[in-house]
Amino acid sequence: MARTPLIAGNWKMNKTVHEALVLVAELMPRLHGLAGVEVAVCPPATALTEVNRALAGSAIGLGAQDVFWADSGAFTGMLSPPMLRDVGCKYAIIGHSERRGRFGKPDECLNPDAARVFGDTDASVNLKLKAALKHGLVPIVCVGETLPERDDGLADKTVAGQVRAGLADVAGEAVAGIVFAYEPVWAIGTGRACDAPEANRVTGVIRKTLHDAFGSEVAQAVRIQYGGSVNERNAHDLLSQPEIDGALVGGASLDASRFSQIVQATSVIAKDTRKD
Ligand code: PGA
């Protein structure tokens, strides 16, 4: 089954509304007409409405960086799936390591008590992804190991455990529409991307986990991105790996030229290899 790669830009806590509109205006002409690749941008919540307006008529999709599981109610500061749909979101990133309080640069890390502010766990990821699916949002579910977990030989176990726990009580047919992102925490924002063959191997572990739980048809349909210091120089290598179906891009998505080069590289690979 052919899987269309998805390149999603996670802008994190960057860009005022004005800056977001400048970036979108630069991106749209550069990405116009590129085939074989799906593109999304995930601005901060404050810019979603205006970016949605600016993207009208373009093929670039809009995503949120998080979502809460209830439809409405007394949940101060949270945004529900219907609210995100209301402002034009098609995707929602769920369980990003930063929202799980796990950071790639330990010196930027908050103390453990403060890190709990971010609060995502496998259980909240499960609730969020079920709520997103119920309301027609495409979840981009992030999984990945920290450096100590990798050093202890626990990368595969950590990632497989996060996938299984995140998918508790989710039916196989719904799983096929989820996007996973393998994001080794130590590679995020550090400039130290995972080697392409190793990223491909762990992405394969995720697919095997899906295969064991839901069968081959579902496992082959699910798109699995790589994320962690993806840039215009390493994109081709990472994205030409057979298991990797796109990228979740942080820092390099804040610059129109760099992000476009990543999307263009993906489009060329899709044309050359027609991954099946
Ligand atoms: P980075 O972030 O590309 O800046 O490493 C990736 C991510 O956090 O999704």
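**Note on helices, loops and internal spaces**

1. The buried residues of helix α9 are Ala 196, Ala 199, Asn 200, Val 202, Thr 203, Gly 204, Val 205, Ile 206, Arg 207, Thr 209 and Leu 210. The model is a predicted one. Helix α9 covers residues 196-214, 19 in number. From first C-alpha to last, α9 reaches 26 Å, close to the 27 Å expected at 1.5 Å a residue. Just after the helix comes Gly 215, with a positive phi of about 90°.

2. Helix α7 holds twelve residues, 155-166. Its end C-alpha atoms lie 17 Å apart, which agrees with the 16 Å that twelve residues should span at 1.5 Å a residue. Buried in α7 are Ala 155, Thr 158, Val 159, Ala 160, Gln 162, Val 163 and Gly 166. What do these buried residues pack against? Their partners are the helices α5 (122-134), α6 (147-151) and α9, together with the strands β5 (138-143) and β6 (179-182). Helix α9 from point 1 is thus one of the elements that the buried residues of α7 pack against.

3. Arg 102 sits in a loop, the one between β4 (91-94) and α4 (112-115). Is Arg 102 buried or exposed? Its relative accessibility is 18%, and the cut-off for buried is under 20%, so Arg 102 counts as buried. The side chain of Arg 102 makes a polar contact of 2.9 Å with that of Glu 149. The Arg 102 side chain also reaches the backbone oxygen of Gly 144, at 3.0 Å. With neighbours within four places in sequence left aside, the contacts of Arg 102 are Ser 97, Gly 144, Glu 145, Thr 146, Glu 149, Thr 158, Gln 162 and Val 185. Among them, Thr 158 and Gln 162 are buried residues of α7.

4. The count of cavities of 30 Å³ or more comes to one. The volume of the largest cavity is about 40 Å³. Which residues line the largest cavity? The lining is made of Gly 95, Ser 97, Arg 100, Arg 102, Cys 142, Val 143, Gly 144, Gln 162, Glu 183 and Val 185. By class, three of the lining residues are nonpolar, four are polar and three are charged. Arg 102 of point 3 therefore belongs to this lining, and its contacts include the lining residues Ser 97, Gly 144, Gln 162 and Val 185.

5. The largest pocket holds about 1200 Å³ of space. Of the 45 residues that line this pocket, Asn 10, Lys 12, Met 13, Gln 65 and Glu 98 are the closest to its centre. The lining divides into 22 nonpolar, 14 polar and nine charged residues.

6. Asn 231 is placed in the loop between β7 (223-227) and α11 (235-239). Asn 231 has a relative accessible area of 12% and is buried. Apart from neighbours within four places in sequence, Asn 231 is in contact with Ala 252, Arg 258 and Ile 262.

7. Ala 270 belongs to helix α12, residues 256-273. With a relative accessibility of 18%, Ala 270 counts as buried. How far apart are the C-alpha atoms of Ala 270 and Gly 228? They are separated by 21 Å, and the two residues are 42 residues apart along the chain.

How values were computed: Residues are numbered from 1 along each chain as its sequence is written. This is a predicted model: local features need pLDDT of at least 70, side-chain atom pairs count only at pLDDT 80 or more; totals for chains, interfaces and linings use all residues. Side-chain values use heavy atoms; hydrogens and water are left out. On a 1 Å grid over the protein atoms alone, a cavity is a set of points where a 1.4 Å probe fits but cannot get out, and a pocket is an open set with protein on both sides within 12 Å along at least five of seven lines; lining residues have an atom within 4 Å of a point. Grid points are joined across faces, edges and corners, and a volume is the space filled by probe spheres set on the points. Ala, Val, Leu, Ile, Met, Phe, Trp, Tyr, Cys and Pro count as nonpolar, Asp, Glu, Lys and Arg as charged, and the others, Gly among them, as polar. Helices (H or I, at least four residues) and strands (E, at least two) are DSSP runs, numbered from the N terminus. Buried means under 20% relative accessible area, exposed over 50%, partly exposed in between (1.4 Å probe, protein chains only). Contact means heavy atoms within 4.5 Å. The expected span of a helix is 1.5 Å times one less than its number of residues. A polar contact is a pair of N or O atoms within 3.5 Å; within protein, one must be able to donate a hydrogen and the other to accept it, and residues adjacent in sequence count only if both atoms are side-chain atoms.
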